[in-house]
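Here's a quick walk around a protein model for anyone meeting it for the first time. Have a look at the sequence and the 3D view, then read on.

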Amino acid sequence: MSDAGNENVSEISCPMGAEKINASARKFRYCGEILDPALRMVMENKNSRIAADYFF
């Protein structure tokens, strides 16, 4: 899948690996980094509940 013909696609860099990512991406497919702040909060809350259930 190439975006070579579409100059209107804005890109950002992955904060973990500096790969170019479509700016509308919510999660980077290669490293799994969650880019969407709302989705990140949901996943962090989910993970903290799992940890709490494990330890308590």
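## E19 and its contacts

Which residues does E19 touch, not counting residues up to four places away in sequence? The answer is I12, S13, C14 and F28. Keep in mind as you explore that this is a predicted model.

To find E19, go to the loop between β1 (11-13) and β2 (20-22). Is E19 buried, exposed or partly exposed? With a relative accessible area of 45%, E19 is partly exposed, because that value falls between the 20% and 50% cut-offs. There's also a distance to check here: E19 and Y30 sit eleven residues apart along the chain, and 9.3 Å separates their C-alpha atoms.

## A18, with a positive phi

The loop between β1 and β2 is also where you'll find A18. What's its phi angle? It's positive, at about 65 degrees, even though A18 is not a glycine. For background, most residues other than glycine have a negative phi.

As for the surface, A18 has a relative accessible area of 55%. That makes A18 exposed, because the cut-off for exposed is over 50%.

## Two cysteines, no disulfide

How many disulfides does a search of the whole structure find? Zero. Take C14, one of the residues E19 touches: the nearest cysteine sulfur belongs to C31 and is 3.7 Å away, and C14 is in no disulfide. The pair fails to count because a disulfide needs sulfur atoms within 2.5 Å. Seen from the other side, C31 is in no disulfide either, and its nearest cysteine sulfur is that of C14.

What about their accessibility? C14 comes in at 4% relative accessibility, so it counts as buried. C31, on the other hand, is partly exposed, with a relative accessible area of 45%.

## One salt bridge

How many salt bridges turn up in a search of the whole structure? Just one. In the salt bridge, R40 pairs with E33, and the closest N and O atoms are 3.2 Å apart. That fits the cut-off, because a salt bridge calls for these atoms to be within 4 Å.

Are the two partners buried or partly exposed? R40 has 30% relative accessibility and counts as partly exposed. E33 has 16%, so E33 counts as buried, the cut-off being under 20%.

Note on methods:
Residues numbered from 1 in each chain as written. Predicted model: local features only at pLDDT ≥ 70, side-chain atom pairs only at ≥ 80, totals over all residues. Heavy atoms only, no water. Helix = DSSP H or I, 4+ residues; strand = E, 2+ residues; numbered from the N terminus. Buried < 20%, exposed > 50% of the residue type's maximum accessible area, 1.4 Å probe, protein only. Contact = heavy atoms within 4.5 Å. Salt bridge = Lys/Arg side-chain N within 4 Å of Asp/Glu carboxyl O.
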